[in-house]
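Subject: Structure handover and notes

Dear colleague,

I am passing on the structure we spoke about, together with some notes on what turned up when I went through it. Please read them alongside the coordinates below.

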Amino acid sequence: MTYWRRLITHAVTSLFSSPLRSALALLGIVIGSAAVIAMVNIGHNAKQAMLKQFEGMGAQSTTIDYQQGAETSVAALLDLRDHLYRSIPGLEIIAATTTGNGTLRHRGQSAFASVVGATDELFAILEPQLRAGRLTADLDGDAPHAVLGWKLYQDFRQQGIYLGVGDIVVFDDTPVMLVGVLEDFPHNSFLSPTPINNSLIAPLESLRRLNQDTSRWRLTAVRAEGVDYELVQEQLGSELRRRLPQTMVRISSPEQLIENIEKQTRILTLTLGAIGGVSLLVGGIGVMNIMLVSVSERRREIGLRMAIGARVRDIKLQFLTEALILCLAGGCVGLLFGIATAFGATQYFGHPFELSMASVVLGVGVSTLVGLFFGYHPAVAAAKLDPVDTLYGD
Amino acid sequence: MVLDNVRKAYGHATGSVEALKGINLSIERGELIAIVGQSGSGKSTLMNILGMLARPTAGRYRFDGRDVAELSADQRAALRNRSIGFVFQSFHLLPQMVAVENVALPLHYRQTSEAEAGERARRALVKVGLEARMHHKPGELSGGQQQRVAIARAIVTHPRVLLADEPTGALDSETGEEILSLFLELNRNDGITTIMVTHNPEVAARCERCLVLRDGMLLSDTRSFDKHISLA
Ligand SMILES: Nc1ncnc2c1ncn2[C@@H]1O[C@H](COP(=O)(O)OP(=O)(O)OP(=O)(O)O)[C@@H](O)[C@H]1O
Ligand SMILES: [Mg+2]
């Protein structure tokens, strides 16, 4: 124990006795380590920020989008939906939708609005809260009935128009009767095809009467608990290839998106980390260089230590310890700088900062390895010296 | 310490130089020996072999009955640490450490506790008369004081042999005289075998035994006891 403590105090004393040289060696490691820590943390926080956007949104859902000629009917879509219900038991709810845009007018006021033609299942998935009236239903058939989104309601209210159940509004020249008004509903791009607050929701079959282009269809499916999205996507793929052979079908799940983000940020983190690693490597070469200079300048000390009883391993350990202390000290200072840099970057991008523990372990661990690796050669060079040469040479 | 036909050759680009050409020598415990000879006669080489810093090219060297050639490098290091103290012409103190740390350095290589090492280093410094300069760095000490620190470092392990290669070579005659007295005292009071290389005949005259080297060979080996006889 005494031996190690003294080894460390001697190393620190030696390092402090040539402060400029030690500081220069330290600088390379500080920069390298700061780069690794900063890069890995920035990558980590970028990923966290991206993932947060999708967190909890439409977990367990899978979306199927395709476009077909105008002649296709709602009946064909519903037929496809029923087929999927039967052939893929992992799907619990499938909502069929199509969307359009237009201008909503009432008593001289107007607002731009989206319209969603949806089957009852959409409401089962979204579970929106009603402010007044009722939701539309499949039983409405192609009747021009609609539920009004919260934002549209607010827009008209600001003009002094209180829209309510029973009001006949005009959507793109077609009269539509409001059967309900919704509460505020946060947008969820995975589950609802348009922002609900800015939309009218109408029965699927009624969209043709509203003169909408009904060639783009979407099925939003919710999988049963524990059903893997990849399996469902595969099953959907093969079913849809059979049912819609000539059609481009896009199948997507939020998990897939999240996985893509993770893959991309992993590449980002690795790239950034590698840049830091290269800086650390350069720092390590600097340490080796300076340790070699130190060994050749302290030949007499080495010879003297050998004369008074230092073994080969004592000399090796001494110089290895000095290199290691340099690298560890550099690594720790770099750690602080790196965290500060990453913190600054997340503030700049407006993300919350979360420290990546892996980066701390990585930074300190890699600095240690660099110290051992680049300190080894100078240490061996020191231990190889012949004491007679060093003590009698000038 | 017994040297049996010891030779030492140094390899050069132009061939090899034989610094020692067959030295036979036996040194008893507690002796005080001076080695003299012209420059290049092999004095330092002999000291290095005695101190196990260099190995003979041929011949045998026994230290305390053990053949040094059969010892491993670590064993030789341990033996140096325990049994031999070195003093050099140019002191070889570590500039970054204060006197007491320099003196304690050999104890680092033999697992002595911090407190004990400090205490022993202090006592060694008291012995060489430097208690007032314990916490000075070598750069703040005179040549004579630095050599005293070096002597304290050599005796801190209570060695049996003290090897001093021109210990007064870098000092003025007065200071050299003080250092010499210190060696004589250590030899007399503590019974440390002391072997000293010197160019000064007066110094040599004060030693009991004097070895004269010339061209790597032992020219003469006289004891003051013999001198008395020849004088009579
Ligand atoms: N490391 C070495 N490499 C090659 N030759 C050496 C080496 N050390 C000593 N020699 C040679 O060995 C011979 C004896 O050298 P040594 O240093 O033992 O002499 P010395 O008696 O100590 O001389 P001085 O009084 O000048 O110190 C010299 O010829 C010297 O050139
Ligand atoms: Mg010499």
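In which helix of chain A does A:Leu20 lie? Before I answer, please keep in mind that this is a predicted model, and that what follows should be read in that light.

A:Leu20 belongs to helix H2 of chain A, which covers residues 19–54. With a relative accessibility of 64%, A:Leu20 counts as exposed, because exposed here means over 50%. Together with A:Leu24, A:Leu27 and A:Ile31, A:Leu20 makes up a nonpolar patch on the surface, and the accessible area of these four residues together is about 430 Å².

Also in chain A, A:Asp173 deserves a look, since its phi is positive, at about 75°, although the residue is not a glycine. A:Asp173 sits in the loop that links strand S6 (168–171) to strand S7 (174–182) of chain A, and its relative accessible area of 66% makes it exposed.

Turning to chain B, there is an open sheet of four strands in the order S2-S1-S4-S5, with antiparallel pairing. Strand S2 (15–26) and strand S5 (66–67) of chain B are at the edges, and each has a single partner strand, so one side of each has no neighbour in the sheet. At the S5 end of that order, strand S4 (residues 58–63) of chain B pairs with S5(B) in the antiparallel sense over two bridges, and B:Arg62 stands opposite B:Asp67 in S5(B). Helix H1 of chain B, residues 43–50, lies across strand S1 (2–12), S2 and S4 of chain B, and it runs at about 120° to S1(B).

Two loop residues on either side of H1(B) in the sequence are worth setting out together. B:Ser41 is in the loop between strand S3 (32–37) and H1 of chain B, and B:Ser41 counts as buried because its relative accessibility is 2%, where buried means under 20%. Leaving aside residues up to four places away in sequence, B:Ser41 touches B:Ala19, B:Leu213, B:Arg214, B:Asp215 and B:Gly216. B:Met52, in the loop between H1 and S4 of chain B, has a positive phi of about 60° although it is not a glycine. Is B:Met52 buried or exposed? At 2% relative accessibility, B:Met52 counts as buried, whereas A:Asp173, which also has a positive phi, is exposed.

With best regards

Definitions and conventions. Residues are numbered from 1 along each chain as its sequence is written. Chains are lettered from A and ligands numbered from 1 in the order in which they are written. This is a predicted model: local features need pLDDT of at least 70, side-chain atom pairs count only at pLDDT 80 or more; totals for chains, interfaces and linings use all residues. Side-chain values use heavy atoms; hydrogens and water are left out. Patches are made of residues with over 30% relative accessible area and no salt bridge: like charges are joined within 9 Å, nonpolar side chains (Val, Leu, Ile, Met, Phe, Trp, Tyr) within 5 Å. Accessible areas come from the Shrake-Rupley method with a 1.4 Å probe; for residues, only the protein chains shown count as cover. A salt bridge is a side-chain nitrogen of Lys or Arg within 4 Å of a carboxyl oxygen of Asp or Glu. Buried means under 20% relative accessible area, exposed over 50%, partly exposed in between (1.4 Å probe, protein chains only). Two strands pair if DSSP finds at least two bridges between them. Contact means heavy atoms within 4.5 Å. Axes are lines fitted to C-alpha atoms, for helices over the stretch in contact, and angles run from 0 to 180 degrees between N-to-C directions.
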